Amino acid sequence: MSIELKDISYVYMPKTPFEHLALDNVTITIPDGSITAIAGHTGSGKSTLIQHLNGLLQPAAGTVAIDGTDIWQCKDKSKVKAAKRSVGMVFQYPEHQLFEETVEADIAFGPKNYGCSADEIATRVRDAMAFVRLDYEKYSKRSPFQLSGGQMRRVAIAGVVALKPKYLVLDEPTAGLDPQGREDLLQRIRELHAKEKTTIVIVSHNMDDIARLADKVIILNKGKVAAEGKPADVFKMQEIIQQAGLEVPQITQIMEKLQQAGLSVNSDIYIMDKAVEAIAQAVRGRSRC
Amino acid sequence: MLTDITLGQYFPGNSLLHRMDARVKIVLLFFYILAIFVLDNNYCYALNTAFALAAIKMSKIPPVMVLKSIKPMWWILLFTFIIQMFTIPGETLCKLWIFNLTYEGIVRGFIIALRLVLLIAVSSLLMFTTSPLMLTDALEILFAPLKKLGFPAHELAMMMTIALRFIPTLLEETDKIIKAQKSRGSDIGEGNFMVKAKSMIPILVPLFISAFRRAEELAMAMEARSYRGGIGRTRMKAMRMHKLDFLAIGIFIIYLIILSGIRICMPV
Ligand SMILES: Nc1ncnc2c1ncn2[C@@H]1O[C@H](COP(=O)(O)OP(=O)(O)OP(=O)(O)O)[C@@H](O)[C@H]1O
Ligand SMILES: [Mg+2]
C-alpha cells in the first residue's frame, strides 16, 4: 500500500495571463513505512505537490491514489473521505492555524471532527502532548497564544498527530526553529516513524537533515521531478542537485574533497558515523604502507 | 481557488495607457463616466462603446480579464435589465400576469445595462493599467486642495495603499488556513446555517490574529522609518505630465465636444 501520484500537472490561475504551471507531469510514489523527503529550491512546487497527497488540490491532469483509492475518480464518497483522512498534513508555519481558547481544545479539534468519543479524545490529546514533549498539567489549560513560537508549533503538530494519520506530511516543519528545537523535532519524527509505523513525508531545504532522516529522496526542479531514489543514489547525482539549486549534504562534500585530495574513501557517504569510520579506515590503511 | 480573483489587480505592462499619468487617467475617467450618464443619446452610447473598446485594445490587457471584472456584477446587471423590461410603459409585446413586457422596456434595460458595463469595464481598465501606488498617490494629489478644509487626503491615500497591498496577502492566508482546518477534518461550508457559521470560527480567529500581527509589524516598521503622516512629506518620484498626457487630454476634449455636438443636434 502506498500513495501514488501519476502524471500530475497543476496550474495556478488557469486561463489568466498569470497562469503558472506549478507541477509538470509529476509521477511519484510514497511507499508505506518510508520516510520520504521532498527537496527543491524556493518555488519549485513542493508545497503544491504535497497538497495533492490528501486532495486539497485537484490536479489539472493525472491521478492520485491513496492505498489504491483514486480520490478524484472513486464514486464511493465514504471511501474517499477515509482515504483522505489517512493523510495528516502539517503546513508551513502551522502555528498560524491555532484558534481555540486552550491548548487542549485546539489539539482536540481534529479528533472531534473525526467523531471520536470523549474518552478517546482525552487520551489522544494526552498522547499527542506527550509526543511533542509538552507537559499536560502545565500547558493543557493555557491559551495557545501565550506560548512561544516554538511551543505553538508543537501544539499545532500535536493537533495533527492526534489524528493518528497513517501518513504524516510535514511542510518544512523545522523552518524558523533554533538548532536545538530542530534536532528535537526531527528526533520526534523519527520516533513516530519507529513506534507508530507512521509513513512520513517531509519537505525540506536542508540536505543535511534529509541525509540523517530520509530513506527516500525526491528532488523537484521547476515543477518537475529531477531525481527520485535512495539518498545514497540521489546524492551521487551532484550535477542534478546543483541544477535544482540545492547542495549535497556537507558530509558528502567533505568526503568528496578528501577523495580529491587523495584519500581513498567513498564519496557516496552522507551519514556522520559512516564517514568517521571510512576516514579512520582510509587513514589507517595509508599509515600502514 | 480563493486567490484566483482578478478584481482590482494591477497588470504590469508598457502600453500607452500604462504610461499615462495616473492623475490624467483618473480625471479623464471621471469625465467619461459623466458622459456615459449625461449624454443620453443612442449615437453617444455607440460612440462611448467604441471608445471603451478602443481603450481596451490600446491597453493591451486581454479582453478576458476585463470580462472577468464584470462577472461579479452579472446578477445586478440582469436584475436591472429585467426590472426595466417590465416596468417601462409602452408598446406591449406580451403580458405576464400583471407585468407588461414592453419594447421600450427592453431598449431601456439594454441601455442601462450597457452603461453599467461600460462604467465597470473602463474603471477596471484604470485599475489594470495603474499600479496601486501610483493610483493612491494620484488620488492624494487630486484631493490635496481639500486638505485646507480638513479633509485627510494623505491619510486616506495611505490607508488605501495599505489595504490594496494586503488584500492578496490576506486572501492567500485565508486559503492556507482553510486548507489547514480542512486537513483537520473540519467540513467548511457544509450543513445548515448555524453549523456553517460555527465552522467559520476556526478560520476567522487565526485570520484576525494574523491580520493584527501584520498590522502591528507594519506600524512598527513605519515608525522605525520615522513615518509621521503627510506633513512635510515629499515624493521620491514626483509625478510629471508628459507629451503623451497632453495629447490624451487634447484628444479627449475633442471627443467630448463631438459627443456634445451630437447630443445637441440629434436628440434621439
Ligand atoms: N496561490 C498561488 N497562486 C499563484 N501561484 C502560486 C500560488 N501558490 C504558489 N504559486 C506558484 O507556484 C510555484 C510553486 O509554489 P510552491 O508554494 O509549491 O513552492 P515551494 O516549493 O513550496 O516553495 P517554498 O520553498 O518557498 O515553500 C511558485 O512559483 C509560486 O509562485
Ligand atoms: Mg512551500
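In this predicted model, an oxygen atom of ligand 1 sits 3.4 Å from an N or O atom in the side chain of A:Glu172. Two backbone contacts join that one. A polar backbone atom of A:Gly43 is 2.9 Å from an oxygen atom of ligand 1, and a backbone N or O atom of A:Gly45 lies 3.0 Å from an oxygen atom of the ligand. On its own, ligand 1 has 640 Å² of accessible area, and the protein covers 72% of that.

Zooming out a little, the shell around ligand 1 holds 16 residues. A:Gly43 and A:Gly45 turn up again here, together with A:Lys46, A:Ser47 and A:Thr48, as the closest of them. As for the make-up of this shell, 11 residues are polar, 3 are nonpolar and 2 are charged. In terms of secondary structure, strand E2 (20-31) and helix H1 (46-50) of chain A each put in at least two residues. H1(A) is the top contributor, with 3 residues. Chain A doesn't do the job alone, though: residues from chain B also surround ligand 1, so the site is shared between chains.

Next comes a pocket. The second largest pocket has a volume of about 890 Å³. Its lining runs to 26 residues, and those closest to the pocket centre are B:Leu133, B:Asp137, B:Met158, B:Thr161 and B:Arg233. Three helices of chain B, namely H7 (132-143), H8 (153-183) and H9 (193-224), each supply at least two residues of this lining. Of the contributors, H8(B) provides the largest share, at 7 residues. Sorted by character, the lining of the second largest pocket splits into 12 nonpolar, 8 charged and 6 polar residues.

Helix H8 of chain B is also home to B:Glu173. With a relative accessibility of 11%, B:Glu173 counts as buried, because the cut-off for that label is under 20%. The side chain of B:Glu173 has a charged-class partner to talk to: a polar contact of 2.6 Å links the side chain of B:Glu173 to the side chain of B:Arg214.

Put side by side, the two sites read like this. The shell around ligand 1 has 11 polar residues among its members, while the lining of the second largest pocket counts 12 nonpolar ones. H1(A) gives the most to the ligand shell, and H8(B) gives the largest share to the pocket lining.

Note on methods:
Residues are numbered from 1 along each chain as its sequence is written. Chains are lettered from A and ligands numbered from 1 in the order in which they are written. This is a predicted model: local features need pLDDT of at least 70, side-chain atom pairs count only at pLDDT 80 or more; totals for chains, interfaces and linings use all residues. Side-chain values use heavy atoms; hydrogens and water are left out. On a 1 Å grid over the protein atoms alone, a cavity is a set of points where a 1.4 Å probe fits but cannot get out, and a pocket is an open set with protein on both sides within 12 Å along at least five of seven lines; lining residues have an atom within 4 Å of a point. Grid points are joined across faces, edges and corners, and a volume is the space filled by probe spheres set on the points. Helices (H or I, at least four residues) and strands (E, at least two) are DSSP runs, numbered from the N terminus. A residue is near a molecule or strand if one of its heavy atoms lies within 4 Å of it. A polar contact is a pair of N or O atoms within 3.5 Å; within protein, one must be able to donate a hydrogen and the other to accept it, and residues adjacent in sequence count only if both atoms are side-chain atoms. Accessible areas come from the Shrake-Rupley method with a 1.4 Å probe; for residues, only the protein chains shown count as cover. Buried means under 20% relative accessible area, exposed over 50%, partly exposed in between (1.4 Å probe, protein chains only).
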